[in-house]
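Here's a quick walk through a two-chain model for someone who likes the cut-offs spelled out. Have a look at it first.

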Amino acid sequence: MGSLFRSETMCLAQLFLQSGTAYECLSALGEKGLVQFRDLNQNVSSFQRKFVGEVKRCEELERILAYLVQEINRADIPLPEGETSLPAPPLKQVLEMQEQLQKLEVELREVTKNKEKLRKNLLELIEYTHMLRVTKTFVKRNVEFEPTYEEFPSLDGDSLLDYSCMQRLGAKLGFVSGLIHQGKVEAFEKMLWRVCKGYTILTYAELDEPLEDPETGEVIKWYVFLISFWGEQIGHKVKKICDCYHCHVYPYPNTAEERREIQEGLNTRIQDLHTVLHKTEDYLRQVLCKAAESVYTRVIQVKKMKAIYHILNMCSFDVTNKCLIAEVWCPEADLQGLRRALEEGSRESGATIPSFMNTIPTKETPPTLIRTNKFTEGFQNIVDAYGVGSYREVNPAVFTIITFPFLFAVMFGDCGHGFVMFLFALLLVLNENHPRLNQSQEIMRMFFHGRYILLLMGLFSVYTGLIYNDCFSKSVNLFGSGWSVAAMYSANHTPAERQEMVLWNDSVVRHSRLLQLDPSVPGVFRGPYPLGIDPIWNLATNRLTFLNSFKMKMSVILGIIHMTFGVVLGIFNHLHFRKKFNIYLVSIPELLFMLCMFGYLIFMIIYKWLVYSAETSRVAPSILIEFINMFLFPTSETSTLYSGQGHIQRLLLAVTALSVPVLFLGKPLFLLWLHNGRSCFGISRSGYTLVRKDSEEEVSLLGSQDIEEGTNQMEDGCREMTSEEFNFGEILMTQAIHSIEYCLGCISNTASYLRLWALSLAHAQLSDVLWAMLMRVGLRVDTTFGVLLLLPVIAVFAGLTVLILLIMEGLSAFLHAIRLHWVEFQNKFYVGAGTKFIPFSFRLLSSKFSDDVA
Amino acid sequence: MLESAELYFNVDHGYLEGLVRGCKASLLTQQDYVNLVQCETLEDLKIHLQTTDYGNFLANETNPLTVSKIDTEMRKKLCREFEYFRNHSLDPLSTFFTYMTCSYMIDNVILLMNGALQKKSVKEILVKCHPLGRFTEMEAVNIAETPSDLFSAVLVETPLAPFFQDCMSENTLDELNIEILRNKLYKSYLEAFYKFCKNHGDVTAEIMCPILEFEADRRAFTITLNSFGTELSKGDRETLYPTCGKLYPEGLRLLAQAEDFEQMKMVADHYGVYKPLFEAVGDGSGGKSLEDVFYEHEVKMNVLAFSRQFHYGVFYAYTKLKEQEMRNIVWIAECISQRHRTKINSYIPIL
């Protein structure tokens, strides 16, 4: 617990890295992940730093690798995952690697380019054959003189032209044919019509099979068209329009003979191209396969290298330029490891002068490091989500481990639901090494990370479920109820007793709808149930009233204990930061305020539970009235819990009232007095002599920096005070705000803990409703067909239980438990103004690799 | 349209407005410019741009990096954003977007025609065309020989068609005529856009009308300035002025009579908005050019457009600001690559 209670002690260390060995040293450090580097070149912009060139080189390598990965993925070659533990490449190998990769890239680009070219060629040829095939039908129709051909733009009388006819007229007939995108046909036709004023004939037909578009690589539908036109001028225009619409134009054969020849030529060329393309693809595949083997490790190596150079960019050079100086935060416990890593790095690079380090004193607040394991991590995350703890302050996560699941369970008290949750969490915990779980999707991952929290939440819910005696909204009679109905019958009692008490006989039982058990009748109440609520309450109509009263009181008791504990933890903080005056001037008044009011309330609740029995319950005063009367001083004498109550209450009230001004003014006045050299406040001096003796605060407050330097570095807490200028008004304001917040908070936070009652009530009622609406209906059906109905009913019941009661209710209880911790508990002592310690570690990088590569 | 766009604006355009405001927040800051100016090479510039919202938009560019590569990539990025806006817009806004692209389309058409005049290949010029003003029929522009040809054959079905009313003529397209055509197109485009915004009413009109008025007046000034010493007659010049600006009608009449810069400045002096602008223009080598001053004023108006909500002006303003930013980056990049560092600071800061 030691390491979890407070964050680790940190020290600022200076690393002197020989420029020759810096890379290796950082590599060794990165593998270990011990230290957090500080940026010493903050005001130097990113491109003016020392190692920009190297970073750029890494980026270039990354670009090549990304290209490789992209090509490999496109070729559907599986990427084998290499080992991630490979160290960053030694500098000598980097050049070699770069050369290799560049060569590979050039080769790959060339082969792909060739391949693309071949593919394009092939595509063109295929298009050409298609075009020839389709246009043949056009011409045939043309020759047949079909008078009204609907695909033709409407033409004048001289539209019925064939080749020979045109020749007779002496005009030159030209053809342009090709392929065009499906979507552009209409616009193309319109434009042709407008530009050429109808001196063209456009025939087109849809190509039956879709072909790839060489520019975008998309597979789309094409149209084959044939334009017949006459005249050179128009020919130019037609060609330009074809260009504009990105048509693929192919020469049009004039005779059938020519057409056949071309077709044959094309067929042989297509076959040739197919074989060549096949070979190229094979070769490409080979190259890629070879590259795929090493690509994963390369990616990791380059990432590590880039990380090292980024860190090197944070270091500054010393005067002689031979040595890099880095400043790091290092946990004191890891200093040995740091030294060893440096030695290792130096040895590896074979440097003559080893790199070394020394710790330097600092006034800055170190980052917060709290070492967690897989169990405590989840709880620490709950605390960190509110705010990372200030350096060395009490870490509420330790207590959260128990209080969080407990408060959750108070709201989620159901044995059965808790057990289901426990089983689910247990499943996650037992399979935590399963790779599928580690890479699961968002919601599942959330559950996975919180598996230990869930486990404890489930366990505690089972416990509170037993206390509430609730299992899927039903009570379990484990030990036999403490109440006896038989004792209520008059037959069991002597006549003398019968006279005094209201007992049952046959006519009473038969004629009244409700019967009341009277605990004062001997034998009816045989002592409390051993564990939790007596199951007989499940039959009672006033069950809710009873439970509400119980749960409400329980919430208040739990809440006040929780908050008081928070205030006590504040004392630990003040002790650690050597601010003893805070204990006397802040914590103790706070405690008094809380305990004298609400502590007394708890006392009254418990007192009433213990003192009043079934016989005396009718004279028991209401706690609420008593508590209100404590502040109102009623003139008329009311019934009291115990004798002398009025005096004690008045005393408590006085203490409460007195603690408020101390809370408001104590700390500011004390600080002012310290600031003024402890002289001018004659009145307060005598009162605080005790504080003066051991508070080292004053020493630093006197402003003597020299003493400060000499003393232990650990007392960071006090040092903040010296650096700040003393501003009485500000301190007074802060303290006033804090006090108001605290005093009002005591009341509102206590009320806030009533959510424990409200949510547990809601949960119990909801599960009760679910039972009544589904299972009771299902169980009432007659025996012959009941089984058939019961199955789906149970299925629906189970589904709704999981969805509504476990997930929805669980989430809401979880949120409320978080709120109780963050607001009600932590605001009593937790500052949470620290920064997290983020070590330079390759392990933090490696989690991202898989995302990038995959 | 009813008043109080607040009630229903967000139903149709709320998402896009939110998006465009987010985009605006990612414009380079003053600090970014300070850093960019310090760059030694284009590589440095690339590294710095990586830390901004541009991200690694240059990551896939092979070395060596050139200014034109940066420019194209930036344009592509803007174009992607614009296309996204346009594809997700509903009617009045999508018409607004169409109007916005028209100006780029006009520029592209003119560019292509100029290229055709100089017998350059279409492909070569296509690269230079602004991607926002791309349309399919564009490449067929060089078929046309006269403006009416151009209209009836190529542009009938484009959004540019309505702007052709005034420029149907059978003149052959030589350089001067193309320039006249461009200005006429622009005039009717601006007037139509102005009318659209005015009719739309509401905040859109309140924001967009001043911007378009300024745009119209700027064109009037530029036309005047460029026509000094050319064969363009004063009467012709007047027909080119867009009539939706603040200068209309008196100022335009005076401008048409202006014969040199001084006279133009005197015209501007009558107008409170333009007087300080013309005063800011430095003479000779020292000060800013008129163009820069106009740009600065434009930036100011566009930035102010973001202070109102529930209007379309933000989209226009964002595009213009982004364009200005791209001009700035290109300027800085040019200065760096040409080792011409003395003028590197004369980019137009976006406030």
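What follows goes from the ground rules to the annotated spans, then to the interface and a few local details.

First, the ground rules: this is a predicted model, where local features need pLDDT of at least 70, side-chain atom pairs count only at pLDDT 80 or more, and totals for chains, interfaces and linings use all residues. Residues are numbered from 1 along each chain as its sequence is written, chains are lettered from A and ligands numbered from 1 in the order in which they are written, and side-chain values use heavy atoms, with hydrogens and water left out.

**Annotated spans in chain A**

In an unreviewed entry, UniProt puts "transmembrane region" at residues 406-430, 451-468, 554-572, 584-607, 651-674 and 785-808 of chain A. UniProt also lists a "coiled-coil region" (unreviewed entry) at residues 94-128 of chain A. The positions use the numbering here, the feature names are shortened, and such annotations may be inferred rather than shown by experiment. How do some of these spans look in the model? Helices here are DSSP runs (H or I, at least four residues), strands likewise (E, at least two), numbered from the N terminus.

| Span of chain A | Helix | Strand | End C-alpha atoms apart |
|---|---|---|---|
| residues 94-128 | 100% | 0% | 50 Å |
| residues 451-468 | 100% | 0% | 25 Å |
| residues 651-674 | 100% | 0% | 32 Å |

Helix 3 of chain A (residues 52-74) is a neat length check. With 23 residues at 1.5 Å a residue, helix 3 of chain A should span 33 Å, and the 32 Å between its end C-alpha atoms agrees; the expected span is 1.5 Å times one less than the number of residues. After helix 3 of chain A comes A:Asp76, with a positive phi near 60 degrees.

**Where the chains meet**

Contact (heavy atoms within 4.5 Å) involves 23 residues from chain B and 21 residues from chain A. Together the chains bury about 1800 Å², 57% of it on carbon and sulfur atoms; buried area is the accessible area (1.4 Å probe) lost when the two parts are put together, summed over both.

How many salt bridges link chain B and chain A? The count is one, taking a salt bridge as a side-chain nitrogen of Lys or Arg within 4 Å of a carboxyl oxygen of Asp or Glu. A:Lys56 and B:Asp44 form that bridge, at 3.9 Å from N to O. On the chain B side, helix 3 (42-51) and helix 7 (147-155) each supply at least two of the residues that touch chain A. Helix 3 of chain B gives the most, with six residues.

**Local details**

Over all chains the structure holds 34 salt bridges. One within chain A joins A:Glu257 and A:Arg260 at 4.0 Å, N to O. These two sit about one helical turn apart because A:Glu257 and A:Arg260 are three residues apart in helix 8 (residues 256-312) of chain A.

Two loops deserve a backbone check. In chain B, the peptide bond from B:Tyr248 to B:Pro249 is cis, with omega near -5 degrees, and B:Pro249 is in the loop between helix 10 (234-240) and helix 11 (250-257). In chain A, A:Arg392 has a positive phi near 65 degrees despite being a residue other than glycine; A:Arg392 lies in the loop between helix 10 (376-386) and helix 11 (397-411).
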